Amino acid sequence: MRAAVIVFPGSNCDRDLAVAFERAGFSVDMVWHKDSTLPDGVDIVGVPGGFSYGDYLRCGAIAAQSPICKAVVEHTERGGYAMGICNGFQVLTETGILPGALLRNGGLKYICRTVGLKVETSNSAFTEGYNAGDVIDIPIAHHDGNYFADDETLAELKDQDRIAFSYTDNPNGSRDDIAGILSHNRRVLGMMPHPERAADSGHGGTDGVALFRALSGVLTPA
Amino acid sequence: MKARVHVMLKNGVLDPQGEAVRHALGAMGFDQVEGVRQGKVIDLELAEGSTEADITEMCEKLLANTVIERYEIELV
């Protein structure tokens, strides 16, 4: 199993994400944002957290126009798997791979703490290691995690069972408490919380491990 | 030629920063302020011959996120 972790100037969770993938049995390639192609045979692309391009213009907006993001879009259009965490989620919405946008937190403050997440669906490669309804503890660390989508998009996400995780106690004003969503084909996950920061007993929690373990069992390359 | 692009959050999209500014103005005694929306102004310096259609494309692709923002182009 091969994972590619994208590195932008300003990424800061890229190594954590790589370690979480490695622990789950993946070999990991770190891929620089100026590269225009992904390594051959990549099973999943991870877009990590951080502050790509200093969050200039909008979080993730400049990163979404980088050469590697064109390759990531093509990878997902071929049915390839990808996950974006935190800034990575912002990047995936800016590319249009995932719907909606992430706004400034409702309370305006940067929030860094562990929150309760309800697993809304176990029907995806990312969440099948959990049971729907499980509540897991995962850290958040963001200033712009307030998920927004119009009413029509929210209805579609619900109807198609594409809300992956919701907050048990909404910290940032996200519509419908949304913390993570899936693409149409359920092969792309975007989430603001950091499962890679709950992947080792040294982190103070291991509730993120099941996500990476589940992934290592089911992927097919695109 | 120069153009100025105004980017604002769409109506209906909550603007917590604008709301904080409104709150601060109220606390300063400006009781008449009933609402604040905060946006961005982007000034572009463009080669002669650039068209409004070019700027529209820039707005659609990068300068604004049309999921949450609307934009206006002013040729100056």
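**Figure 1. The exposed and buried sides of helix α2 in chain B.** On one side of α2(B), the residues Ala53(B), Glu57(B), Glu60(B) and Lys61(B) are exposed, whereas Ile55(B), Cys59(B) and Leu63(B) are the buried residues of this helix. Because these buried residues cover an arc of only 50 degrees around the axis, they lie on the same side of α2(B). An α-helix has 3.6 residues a turn, so residues three or four places apart point the same way. The cover over the buried residues of α2(B) includes strands β1 (2-9), β2 (39-45) and β3 (69-75) of chain B. The helix itself, residues 52-63 of chain B, has 12 residues, yet its end C-alpha atoms are only 14 Å apart, which falls short of the 16 Å that a straight helix would reach at 1.5 Å a residue. This view, like those that follow, is drawn from a predicted model.

**Figure 2. Chain B as a whole.** Two helices and three strands make up the secondary structure of chain B, and from the N terminus on these elements run in the order β-α-β-α-β. Taken along the principal axes, the C-alpha atoms of chain B fill a box of roughly 50 × 25 × 15 Å. The radius of gyration of chain B is 16 Å, where a compact globule of 76 residues would have one near 11 Å. Of the 76 residues of this chain, 12% count as buried. Among the contacts in chain B between residues at least 6 apart in sequence, 67% join residues at least 24 apart.

**Figure 3. Where chain B touches chain A.** Nine residues of chain B are in contact with 13 residues of chain A. On the chain B side of this contact, the largest share, three residues, comes from helix α1 (residues 16-27) of chain B. By residue class, the side of chain B that touches chain A divides into seven nonpolar residues, two polar residues and no charged ones.

**Figure 4. Chain A as a whole.** Chain A holds five helices and 11 strands, and its radius of gyration is 15 Å, close to the 17 Å that the globule rule gives for 222 residues, so chain A is as compact as a globular protein of that length. Along its principal axes, the C-alpha trace of chain A spans about 40 × 35 × 35 Å. Buried residues account for 54% of the 222 residues in chain A, and among contacts in chain A between residues at least 6 apart in sequence, 74% join residues at least 24 apart.

**Figure 5. The nonpolar cores.** In soluble globular proteins, nonpolar side chains tend to be buried together. The largest nonpolar core of this model has 74 residues, and those with the most contacts inside it are Val5(A), Ile6(A) and Val45(A). Leaving aside residues up to four places away in sequence, Val5(A) touches Asp14(A), Leu17(A), Ala18(A), Val28(A), Met30(A), Val31(A), Gly46(A) and Pro48(A). A second core, separate from the largest one, has five residues, among them Ile55(B), Cys59(B), Ala64(B) and Tyr71(B). Of these, Ile55(B) and Cys59(B) are also among the buried residues of α2(B).

**Figure 6. The covered helix α3 of chain A.** Helix α3 (residues 87-95) of chain A is mostly covered, with nine of its nine residues buried. The buried residues of α3(A) run through Asn87(A), Gly88(A), Phe89(A), Gln90(A), Val91(A), Leu92(A), Thr93(A), Glu94(A) and Thr95(A). They pack against β3, α2, β4 (81-85), β5 and β11 (188-191) of chain A. Just after α3(A), Gly96(A) takes a positive phi of about 90 degrees.

**Figure 7. Two loop residues of chain A with positive phi.** Most residues other than glycine have a negative phi. Asp55(A), although it is not a glycine, has a positive phi of about 60 degrees, and its place is in the loop between β3 (44-47) and α2 (67-77) of chain A. Because Asp55(A) has 18 C-beta neighbours inside 10 Å, it counts as partly exposed. Leu108(A) is likewise not a glycine and has a positive phi of about 70 degrees; Leu108(A) is found in the loop between β5 (101-103) and β6 (111-119) of chain A. With 14 C-beta neighbours inside 10 Å, Leu108(A) counts as partly exposed.

Technical notes
Residues are numbered from 1 along each chain as its sequence is written. Chains are lettered from A and ligands numbered from 1 in the order in which they are written. This is a predicted model: local features need pLDDT of at least 70, side-chain atom pairs count only at pLDDT 80 or more; totals for chains, interfaces and linings use all residues. Two residues are in contact if their C-beta atoms, placed from the backbone, lie within 7 Å. Helices (H or I, at least four residues) and strands (E, at least two) are DSSP runs, numbered from the N terminus. Ala, Val, Leu, Ile, Met, Phe, Trp, Tyr, Cys and Pro count as nonpolar, Asp, Glu, Lys and Arg as charged, and the others, Gly among them, as polar. A residue is buried if 20 or more other C-beta atoms lie within 10 Å of its own, exposed if 12 or fewer, and partly exposed in between; C-beta atoms are placed from the backbone. The expected span of a helix is 1.5 Å times one less than its number of residues. The arc is that of the directions from the helix axis to the C-beta atoms. The radius of gyration is taken over C-alpha atoms; the globule rule is 2.2 Å times the number of residues to the power 0.38. A nonpolar core is a set of buried Ala, Val, Leu, Ile, Met, Phe, Trp, Tyr and Cys residues joined through C-beta atoms within 7 Å.
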